[in-house]
Amino acid sequence: MTASRRYLLVSPCRDEAAYLRRTLDSVAAQTVPPALWIVVDDGSTDETPAILAEYAQRLPYLRIVRRGDRGRRRVGPGVIDAFYAGLDTVQIEDFDYLCKLDMDLDLPARYFELLMQRMESNPRIGTTSGKPWYTDPQSGALVPEICGDEMSVGMTKFYRTACFKEIGGFVRQVMWDGIDCHRARMLGWIAESVDTEDIRFIHLRPMGSSENGIWTGRLRHGFGQYFMGTSPLYYMAVAVYRLPVYPRLTGSVAMLWGYLRSWLKGLPRYDDTEFRRFLRTYQHNCLRKGKRAATAELNDEQAHIWNASHPVSVAGVSSAALSKANHGGFADGSVR
């Protein structure tokens with residue numbers, strides 16, 4: 001028996017006319033359509049309102065929430081404010097799944113169907129996504145965007161509603177899309193992104209370039225990692241790993257400078273010392289053992305926390321799937 005598959009999409013957007021139709025068309029073509037899709041127009045000044053109005057006539061599940069013009073695109077906390085302007089108009093308990101979806105994506109037709117199949121196979125998966133690809137500005141070829149397997153990606157974060165509620169939703173700051181996954185792991189949930197061809201999608205705008213260019217985006221990334229509580233040793237290793245990635249060298253320099261100048265200014269950090277301790281322990285294990293091994297080990301260690309707070313009777317999930325879940329396995333036999 002197929003479990004209930006009522007899912008809610010919430011999409012903050014501003015001045016997305018260049019990409020909007022491809023996202024709207026790709027959601028309209030989904031094999032399992034959303035129960036409701038709320039698009040929050042955060043004060044667009046381009047053709048976005050007209051395009052949204054056109055599609056709202058065609059798609060019965062599409063609802064538009066219009067906000068006033070705040071003068072410019074505001075990533076990080078500004079995006080989350082817009083997200084909640086949409087989410088606060090519904091009762092999330094009315095949905096089995098929830099997705100924060102950006103409006104600059106081209107999704108494959110079975111994207112949401114396959115994500116739900118995956119979560120039905122393993123009830124410990126709290127948040128998941130496919131992997132983004134983008135067009136390299138120099139070669140013109142489609143290339144994968146770097147993102148860890150242990151995180152659902154920020155542009156399409158698909159949650160089990162229970163997981164989203166337990167982690168307390170999004171922090172209204174940069175790195176909201178990292179804190180959520182680490183907090184989920186603290187509670188025994190599995191967070192992931194999956195690199196299989198059938199759920200790869202196209203990110204029409206390269207990561208970190210959405211506000212004042214890629215340099216500013218990388219500086220913001222450095223601040224975000226500082227705010228979240230990332231270990232400086234771990235972040236240095238990440239910057240070295242990303243040296244060959246566009247923009248080569250300067251991207252890594254900007255990341256490190258963003259982190260360092262935040263520390264020099266004594267900027268505030270995410271106010272949860274237990275979380276920061278948990279994060280750094282995990283990151284240091286990643287440096288010693290490799291991220292894949294460290295994540296698998298942590299998921300095993302945290303299983304008892306999830307088991308203690310979730311009764312066996314999970315709707316739509318077989319006993320075999322529950323058994324596999326306790327060992328980080330999936331109905332298809334794979335192990336993460």
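Which residues in helix 10 meet helix 11? Keep that in mind while you get your bearings; we'll come to it at the second stop. One thing before you start clicking: this is a predicted model.

**Whole chain.** Show everything as cartoon. You should have 12 helices and 11 strands on screen. The chain runs to 336 residues, and 52% of them count as buried. Now think about contacts between residues with a separation of 6 or more: 78% of those in this chain are between residues 24 or more positions apart.

**Helix 10 and helix 11.** Select 273-289 for helix 10 and 291-309 for helix 11. Two packed helices are described by the angle between their axes and the distance between the axes. Here the axes come within 7 Å and cross at roughly 135°, so helix 10 and helix 11 are oblique to each other. The crossing of this pair is right-handed.

Now turn on side chains to settle the opening question. From helix 10, pick Phe278, Tyr282, Asn285, Cys286 and Lys289. They meet Lys291, Ala293, Ala294, Thr295, Glu297, Leu298 and Gln302 in helix 11. Colour this contact by residue type and you'll get six nonpolar, three polar and three charged.

**Gln283.** Stay in helix 10 and click on Gln283. Is Gln283 buried or exposed? Its relative accessible area is 3%, so Gln283 is buried. Leave aside residues up to four places away in sequence, and what Gln283 touches is Thr230, Ser231 and Tyr234. Select those three together with Gln283 to see the contacts.

**The sheet.** Next, hide the side chains and look for the open sheet built from seven strands. Strands of a sheet pair through backbone hydrogen bonds, either parallel or antiparallel. In this sheet the pairing is mixed, and the strand order is 3-2-1-4-9-6-10. Which strands sit at the edges? Select 62-67 for strand 3 and 190-191 for strand 10; each of these edge strands pairs on one side only.

**Strand 1 and strand 2.** Move inward and select 7-13, which is strand 1, along with 36-42, which is strand 2. The two pair in the parallel sense over six bridges. For one bridge to look at, show Leu8 and its partner in strand 2, Leu36.

**Helix 2.** For the last stop, add residues 48-56. That's helix 2, which lies across strand 1, strand 2 and strand 3. Line up your view with strand 3 and you'll find helix 2 running at about 155° to that strand.

How values were computed
Residues numbered from 1 in each chain as written. Predicted model: local features only at pLDDT ≥ 70, side-chain atom pairs only at ≥ 80, totals over all residues. Heavy atoms only, no water. Axes fitted to C-alpha atoms, helices over the stretch in contact; angles between N-to-C directions. Helix = DSSP H or I, 4+ residues; strand = E, 2+ residues; numbered from the N terminus. Parallel < 35°, antiparallel > 145°, perpendicular 65-115°, else oblique. Left-handed = near helix turned anticlockwise from the far one by under 90°. Contact = heavy atoms within 4.5 Å. Nonpolar A, V, L, I, M, F, W, Y, C, P; charged D, E, K, R; others polar. Pairing = 2+ DSSP bridges. Buried < 20%, exposed > 50% of the residue type's maximum accessible area, 1.4 Å probe, protein only.
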